[in-house]
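Here are a few friendly notes to read alongside the model. Please keep the structure open as you go through the points.

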Amino acid sequence: SCNWRVAGSNPGMGHEKIHIDEEVKIALNLSLERFYYSDQKVMEFPSSLSSNERAFLHRAAQSLGYSSKSKGKGPNRFLTVTKKDGPDKPQHSMLLNPSHNTLFVIHNLLERFPISNKERVDMQLSTRKNALDKNKASGRLNKGIPVVPPQRGSSEHDAFRCSLPVQEHKQEIIKLIRENRVVLVVGATGSGKTTQIPQFLLDECHKNHEPCRIFCTQPRRLATITVADRVAAERGENVGKTVGYHIRLESRVSPKTVLTFCTSGVFLRTLMAGDASLTTVTHVIVDEVHERDGLTDFLLTKLRDVLPKFPSLKLILCSAALDTELFRQYFGSCPVINLKGRLFDVKEFFLEDILKLTGFKKKEIMNHNAEAHETKNKQKSLTEWCETLKNTSVEEEEGTSVLSRVPEDSSVLDGEDGALNSLPENNPEQLEPWLVREMDSCISNIFLNEDQDAFIQLFNLILYENMNVNYRHSETGTTALMVTAGQGFLTQMEQLLHMGLHSLHDYRTLKTPDCLVTVESSNKEEELLKLYHQSFDDELVDLDLIMDLLHYICSTSSDGAILIFLPGYDEIVAMRDRILYNDSRFSVQAERYQLFILHSEMQTLDQKKALKTPPSGVRKIILSTNIAETSITISDVVFVIDSGKVKEKSYDTLSRVSMLKTIWISKASVLQRKGR
């Protein structure tokens with residue numbers, strides 16, 4: 001143990017002895033001991049100390065290598081003790097003077113039990129600990145000087161690199177960068193622009209023996225680390241040599257690093273230290289500029305301002321989806337390079353396709369819609385209906401029929417010898433209550449409100465729920481054909497008549513009339529979407545539908561990872577619980593699936609696990625926010641499920657509070673997600 005007896009209490013130290021109470025002396029020594037082993041840099045003592053006690057503390061701090069200072073006057077005089085940084089940092093040590101016999105025993109033990117290589121390395125690491133702490137990542141990029149990059153080494157990725165579309169434009173890209181200060185590169189996802197353009201610059205500088213120092217910004221930490229790892233692997237070396245990365249609280253760079261991948265925030269913080277930080281930089285590559293977040297916009301504004309100050313600085317802007325005209329105007333008519341499309345074709349399925357594939361549950365959706373409006377709409381419709389009947393009864397007594405607006409050839413109402421009217425009618429007592437409510441609502445809306453949209457629901461009930469065309473309103477006894485004719489909807493009336501004929505002659509065995517086929521083919525998808533939107537709030541994410549789609553994919557295919565984009569952590573956790581615990585379609589076969597989460601708050605090592613290939617026979621499912629949207633391409637992903645939502649920070653001017661809101665993603669983000 002260390003001896004904490006300080007100089008102020010030893011009269012043999014050449015200083016005048018300071019007399020203070022023993023209890024106070026012990027308390028002060030304990031405070032200094034705790035301060036020594038803590039991470040605190042500064043410790044403040046209260047103003048209640050006397051002048052002798054403060055003098056004792058000054059002498060004790062000096063003997064331990066600390067600096068001390070008193071501030072204030074009278075009752076407001078405080079004493080502050082501060083640890084010194086650098087080589088003068090206090091290192092409390094104790095001198096040992098072993099006897100001759102002790103040294104002899106130690107020598108014999110070392111001969112019998114020599115130090116192993118591992119123990120020797122551990123001792124060396126402990127001596128370097130302070131040096132490593134000094135190199136701990138800060139919020140700014142390290143200063144460096146441009147150097148000529150070394151020659152590329154061979155790697156197993158060489159064949160893949162040569163097959164990327166960007167390779168066809170290598171000379172054109174190098175030439176434009178050499179001749180222009182700013183260059184825009186627009187390339188579809190998977191073209192290789194993120195990993196290859198920085199390497200083009202390294203190879204060209206090595207070929208011409210030109211020193212360079214390149215910074216490449218990425219919008220997210222995971223993309224920064226992943227791209228740096230990939231580029232280093234393609235050059236046949238480890239991260240931290242020629243290629244490194246720098247993110248918040250983590251850095252893998254060395255004095256030999258000439259290509260540094262960093263987040264936009266780290267690079268912007270470097271620029272805040274002054275324009276001189278760009279003195280030794282030759283190229284700046286800003287990737288994924290289409291995102292247009294606050295950091296990227298500030299970064300582009302600052303870079304445009306400093307370009308005239310550094311004639312040797314080159315700026316390259318890259319994105320898969322970019323408003324080229326807007327950026328060309330902002331940077332003064334700079335050239336644009338367009339790279340060809342992705343390596344793999346992507347087949348897109350939209351919401352209406354997914355509803356068909358997963359087996360659209362019409363009963364549940366219409367139930368949801370009916371129950372939501374049951375109380376209000378039914379009461380209102382019945383009241384208006386009764387009032388209308390009272391008004392029309394007078395007209396009927398005078399010989400005016402409600403069906404007077406039917407065409408002169410009204411024999412069509414009788415079908416074949418009046419057989420249409422003899423069709424069996426649905427008995428309301430035998431039908432499900434929700435079907436009765438839906439049919440009554442459709443008939444009421446057609447007659448009272450002349451609502452043509454009600455025909456969509458009406459035809460859907462007749463075609464898919466086997467409702468009879470001659471169904472009579474539960475209160476008034478009126479049929480759909482009556483109210484359609486009464487309001488003069490001739491096209492819909494003709495369709496109802498054809499449906500009635502099919503019911504009479506078993507329409508499944510007859511050829512469907514052309515008009516009905518046209519209506520079904522043109523309106524079926526619209527009807528399906530409208531029913532879905534009526535039953536579900538578009539502001540939410542339909543996890544049930546995603547689960548059905550996930551089950552459909554796993555049931556119809558056996559290979560390929562699945563990447564699911566969700567807006568935030570709450571949806572990710574809810575989806576994870578459904579897959580692992582709540583949904584028996586997955587939970588009973590949990591060993592067949594590997595579930596990973598990608599979120600900005602996760603540790604870097606946990607995020608990297610999602611990029612690894614799973615064992616044979618195991619399907620990988622990745623639940624991610626927009627962190628996986630840009631710069632990284634997960635090689636084994638075959639299916640991408642996009643919820644179309646993202647959480648974005650916004651400022652509420654009324655409450656004066658910043659909050660995360662779920663909003664629809666942009667078209668540019670859709671293209672990015674499609675290429676993952």
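1. Let's start with strands E6 and E8 of this predicted model. Strand E6 covers residues 243-247 and strand E8 covers residues 259-263; they pair in the parallel sense over four bridges. If you would like a spot to click on, His246 has Cys262 in E8 as its bridge partner.

2. Both strands belong to an open sheet of eight strands with mixed pairing, in the order E7-E6-E8-E5-E9-E10-E4-E11. At the edges you will find strand E7 (250-252) and strand E11 (336-339), each pairing on one side only. From one strand to the next, the twist averages 20°.

3. Now look at what lies across these strands. Helix H9 (residues 221-234) lies across E6, E8 and strand E5 (214-218), and runs at about 170° to E6.

4. H9 also packs with helix H8 (residues 193-208), at an angle of about 50° and with the axes 10 Å apart. Angles that are neither under 35 degrees, over 145, nor 65 to 115 count as oblique, so H8 and H9 are oblique to each other. Their crossing is right-handed.

5. Which residues make the contact? H8 brings Thr194, Thr195, Gln196 and Gln199, while H9 brings Val227, Arg230, Val231 and Glu234. By type, the contact of H8 with H9 has two nonpolar, four polar and two charged residues.

6. A word on confidence: the protein chain has a mean pLDDT of 76, with 76% of its residues at 70 or more. Over residues 1-14 the pLDDT is below 50, and this stretch has 23 contacts in the model beyond near neighbours in sequence.

Notes. Residues are numbered from 1 along each chain as its sequence is written. This is a predicted model: local features need pLDDT of at least 70, side-chain atom pairs count only at pLDDT 80 or more; totals for chains, interfaces and linings use all residues. Side-chain values use heavy atoms; hydrogens and water are left out. pLDDT is the predictor's confidence in each residue, from 0 to 100. Contact means heavy atoms within 4.5 Å. Two strands pair if DSSP finds at least two bridges between them. Helices (H or I, at least four residues) and strands (E, at least two) are DSSP runs, numbered from the N terminus. Axes are lines fitted to C-alpha atoms, for helices over the stretch in contact, and angles run from 0 to 180 degrees between N-to-C directions. A crossing is left-handed if the near helix is turned anticlockwise from the far one by less than a right angle, and right-handed if clockwise. Ala, Val, Leu, Ile, Met, Phe, Trp, Tyr, Cys and Pro count as nonpolar, Asp, Glu, Lys and Arg as charged, and the others, Gly among them, as polar.
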